[in-house]
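Work through the exercises below with the structure open beside you, and try each task before you read its solution.

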Number of protein chains: 2
Amino acid sequence: MAVASEFPLGRVDVALTPRERFAEFLQARGKRVTRQRQVIVDHVARRHEHFDAEQLLAELRGTPEGARASRPTVYRTLAEMVDAGLLKKMVLDGRAVYEHDYGYPQHDHLYCTGCRTLIEFTSDEVTQICNAVASRHQFRAQSHRLLVSGLCDRCRTSKSRARHQDRI
Amino acid sequence: MAVASEFPLGRVDVALTPRERFAEFLQARGKRVTRQRQVIVDHVARRHEHFDAEQLLAELRGTPEGARASRPTVYRTLAEMVDAGLLKKMVLDGRAVYEHDYGYPQHDHLYCTGCRTLIEFTSDEVTQICNAVASRHQFRAQSHRLLVSGLCDRCRTSKSRARHQDRI
DNA sequence: TTGTCTGCAAACACTTTGCACTTTT
DNA sequence: AAAAGTGCAAAGTGTTTGCAGACAA
């Protein structure tokens, strides 16, 4: 059994910064480039791990007055960033989790149900299988999401075993 | 590119009926075999499609007086059935969706973002890839979930295009 | 100026919980 | 009789919305 190449994921060369790309997207839609939207893109661009809306909100609360945004605005802007192709959204344990999409290669995840850590991996084969299956069903595959859940080395050997195994 | 065998999914021979297996599970845990729990297993066993808690609840509302169960009981019992290995739970569009697990082969899904239909397919290769990736990361893979989303034939050609593409 | 955006508070959908009463064992 | 389960109403959680005032174009 062959498995596609795998490598540490990182930023790939892209023409525009996330901020620029978002501004472009907003303008194309007749939306406005507001202070809040910029604060959010910039902050998100600085992060490199997965995060959820409340986490982001909490982080913004810790920044100077002028660099904050309210809860509704955070939610609204995250949705726009997904539309803009800057972020990818997935639902885990009942809440939405975001990760960078812009300038990052397609990848999937290992999820440790013990410590709730996400680890990224890539596999071209998965994509190929998706396409093959889709065409067999007259489907046009637009994307796929593969989540392999289990226990990481640490959680497997530690006493504090996995809890949330039912909430994939 | 080779893709694993694929076949219409159906009930596989198993020793016990879902009702019996659930009773066994309950007894093993010192839980009681109540009228409501039986009503729910039986009803679920009769269904063969994917469903969510509110759907099930609505269906039970339409049955004779003695064959109903309250919302909390439905939610509690579905969780128990997942524990018992009778049902599998997945989260789609923000709500939990259940499908049979007992006596059914492992499979994955195509999801049409237009009409929100789920289509099952099997692929041994996916499982193999999961295991290979997991072991490379010192993970013990317990399960995986692969969702290929896109548009089915009908939705692709109809005018009413997909909406909810962001809520996988 | 014009129309969009923001933030507040309130509403939401889905799910879970506290508790007095009922039922299984 | 003892222990666990049920249903009701109420509380939660994460997320969305209506609307008046604030702001970008």
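Helices (H or I, at least four residues) and strands (E, at least two) are DSSP runs, numbered from the N terminus. The model is a predicted one, in which local features need pLDDT of at least 70 and side-chain atom pairs count only at pLDDT 80 or more, while totals for chains, interfaces and linings use all residues. Residues are numbered from 1 along each chain as its sequence is written, chains are lettered from A and ligands numbered from 1 in the order in which they are written, and side-chain values use heavy atoms, with hydrogens and water left out.

**Exercise 1. Find which elements supply the surface near DNA strand C, and describe that surface.**

Step 1. A residue is near a strand if one of its heavy atoms lies within 4 Å of it. There are 19 residues around DNA strand C, and those that come nearest are Arg32(A), Gln36(A), Arg37(A), Thr73(A) and Arg76(A).

Step 2. At least two residues each come from α2 (35–46) and α4 of chain A and from α4 and β2 (95–100) of chain B, and α4(B) gives the most, with four residues.

Step 3. Sorted by class, this surface has six nonpolar, four polar and nine charged residues, where Ala, Val, Leu, Ile, Met, Phe, Trp, Tyr, Cys and Pro count as nonpolar, Asp, Glu, Lys and Arg as charged, and the others, Gly among them, as polar.

Step 4. On the DNA side, sugar and phosphate account for 59% of the atoms of strand C that come within 4 Å of the protein.

**Exercise 2. Locate contacts of Arg32(A) with bases of both DNA strands, then look for contacts with phosphate.**

Step 1. In DNA strand C, a base nitrogen is 2.3 Å from an N or O atom in the side chain of Arg32(A), and in DNA strand D a base nitrogen is 3.2 Å from an N or O atom in the side chain of Arg32(A).

Step 2. For phosphate, turn to DNA strand D, where a phosphate oxygen lies 2.9 Å from a backbone N or O atom of Ala96(A) and a phosphate oxygen is 2.6 Å from an N or O atom in the side chain of Thr73(B).

Step 3. Of the atoms of DNA strand D within 4 Å of the protein, 67% belong to sugar or phosphate and the rest to bases.

**Exercise 3. Describe how α1(A) packs against α4(A).**

Step 1. Helix α1 (residues 18–28) and helix α4 (residues 71–83) of chain A pack at an angle of about 90°, and their axes are 10 Å apart; axes are lines fitted to C-alpha atoms, for helices over the stretch in contact, and angles run from 0 to 180 degrees between N-to-C directions.

Step 2. The two helices α1(A) and α4(A) are therefore roughly perpendicular, a term for angles of 65 to 115 degrees.

Step 3. Contact (heavy atoms within 4.5 Å) is made by Phe22(A), Phe25(A) and Leu26(A) of α1(A) with Thr77(A), Glu80(A), Met81(A) and Asp83(A) of α4(A).

**Exercise 4. Trace the sheet that runs through both chains.**

Step 1. Six strands form an open sheet of mixed pairing, in the order β4(A)-β3(A)-β5(A)-β5(B)-β3(B)-β4(B); two strands pair if DSSP finds at least two bridges between them.

Step 2. At the edges stand β4 (118–121) of chain A and β4 (118–121) of chain B, each of which pairs on one side only.

Step 3. Within chain B, four bridges join β3 (residues 108–112) to β5 (residues 140–151), and these strands run parallel.

Definitions and conventions
Parallel < 35°, antiparallel > 145°, perpendicular 65-115°, else oblique. Polar contact = N/O pair within 3.5 Å; in protein donor to acceptor, adjacent residues only side chain to side chain.
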